[in-house]
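Ready for a tour of a protein model? Take a look at the sequence and the 3D view first, then work through the bullets with both open.

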Amino acid sequence: MARQSIEIAPGAAFYPGYLDRAAQEAMLARVRGVIAKAPLYHPRMPRSGKPFSVRMTNCGPLGWVSDIDGYRYQEIHPETGAPWPSIPEALMAAWRELSGFPSPPEACLVNHYADGTRLGLHQDRDESEFNAPVVSLSLGDTAIFRIGGTKRRDATRSVKLASGDVFVFGGPSRLAFHGIDRVLAGTSTLLAEGGRFNLTMRRVTPGR
Ligand code: SIN
Ligand code: FE2
């Protein structure tokens, strides 16, 4: 099926309403299944050890973690020591449709934003394959997403990411600075408890 996208910047494509309500509900059930095996936890900032306000977990052969020693990918959950659960098939299908990259993603970071949480401006650059884009799917309350250029001081613009929206950043935007300014409470009924999930798939090791 042809998908309508809006080009936000070269290599940055926004797909509003990529998942309809039924597909969002099915995806949410998969996310809850992932969390049942790999509980959400508060990662800590490198050096300071200060906890993130956002809780995280992962699925896929690799997961992104942060602690006092730094950022990295690893095969196990830092608190349970168990391997991460596999990436749900519906997410793999979105990657195949939207990434334009032949190899599968190896990591899917699951972020959970409760009311009042945010994620500072950062680059996703702990991967060794920058030819693959980052494919990001939102569920639940609408977020104010900010995206700039590859330098921290570059101008930024903000995009509202609603439940079911997908944002793909690759090509010249693969290393764009981005973050979440805030989540707008009460904007979606998908999560009974409120808040937002964001799922970001990445290829970590060199693909083909
Ligand atoms: C991230 O950059 O890890 C998440 C972005 C988002 O929550 O939309
Ligand atoms: Fe990111």
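W64 is a good place to start: this tryptophan is buried, with a relative accessible area of 9%. (Buried means under 20% relative accessible area, exposed means over 50%, and partly exposed is in between, using a 1.4 Å probe on protein chains only.) Keep in mind that this is a predicted model, where local features need pLDDT of at least 70, side-chain atom pairs count only at pLDDT 80 or more, and totals for chains, interfaces and linings use all residues. Residues are numbered from 1 along each chain as its sequence is written, chains are lettered from A and ligands numbered from 1 in the order in which they are written, and side-chain values use heavy atoms, with hydrogens and water left out.

**Aromatic pairs**

- How many aromatic pairs does a search of the whole structure find? The search turns up six. (Rings of Phe, Tyr and Trp, the last by its six-membered ring, pair if their centres lie within 6.5 Å; planes under 30 degrees apart count as stacked, over 60 as edge-to-face and the rest as tilted.)
- W64 has F52 as a partner in an edge-to-face pair, with 6.4 Å from centre to centre and 65° between the planes.
- F52 sits in the loop between α1 (21-37) and β3 (55-59), while W64 belongs to strand β4 (residues 63-67), so their pairing ties together parts that are 12 residues apart in sequence. (Helices, H or I with at least four residues, and strands, E with at least two, are DSSP runs, numbered from the N terminus.)
- Is F52 buried or exposed? F52 counts as buried, at a relative accessible area of 13%.
- Next come F167 and F169, whose pair is tilted: the centres are 6.2 Å apart and the planes make an angle of 55°.
- F167 is buried, with just 1% relative accessible area, and F169 is buried too, at 2%.
- F167 and F169 also belong to one aromatic cluster together with F14 and F145.

**The iron site**

- Which residues coordinate the iron ion (ligand 2)? H122 (through NE2), D124 (through OD) and H178 (through NE2) do the job, at 2.1 to 2.2 Å. (Donors are N, O and S atoms within 2.8 Å of the metal, or 3.2 Å for Na, K and Ca; water is not among the atoms, so sites may look incomplete.)
- Along the chain, the donors of the iron ion (ligand 2) follow the spacing H-x1-D-x53-H.
- D124 is in the loop between β7 and β8 (134-140) and H178 is in strand β12, so this pair ties together parts that are 54 residues apart in sequence.
- D124 is buried, at 5% relative accessibility.
- H178 is buried as well, with a relative accessible area of 6%.

**An unusual backbone angle**

- Most residues other than glycine have a negative phi.
- R47 is not a glycine, yet its phi is positive, at about 65°.
- Look for R47 in the loop between α1 and β3.
- R47 counts as exposed, with 74% relative accessibility.

**Distances along the chain and in space**

- R196 is part of strand β13 and is buried, at 0% relative accessibility.
- R196 and G140 are 56 residues apart along the chain, and their C-alpha atoms are separated by 4.5 Å.
- G33 is in helix α1 and counts as partly exposed, at 31% relative accessibility.
- Between the C-alpha atoms of G33 and P85 there are 8.9 Å, with their positions 52 residues apart along the chain.
- E75 has its place in the loop between β5 (70-74) and α2 (89-98), and is exposed at 56% relative accessibility.
- For E75 and A107, 32 residues apart along the chain, the C-alpha atoms are separated by 9.5 Å.
- G81 also lies in the loop between β5 and α2, and this glycine is partly exposed, at 40% relative accessibility.
- What is the C-alpha to C-alpha distance between G81 and K50? These two are 22 Å apart in space and 31 residues apart in sequence.
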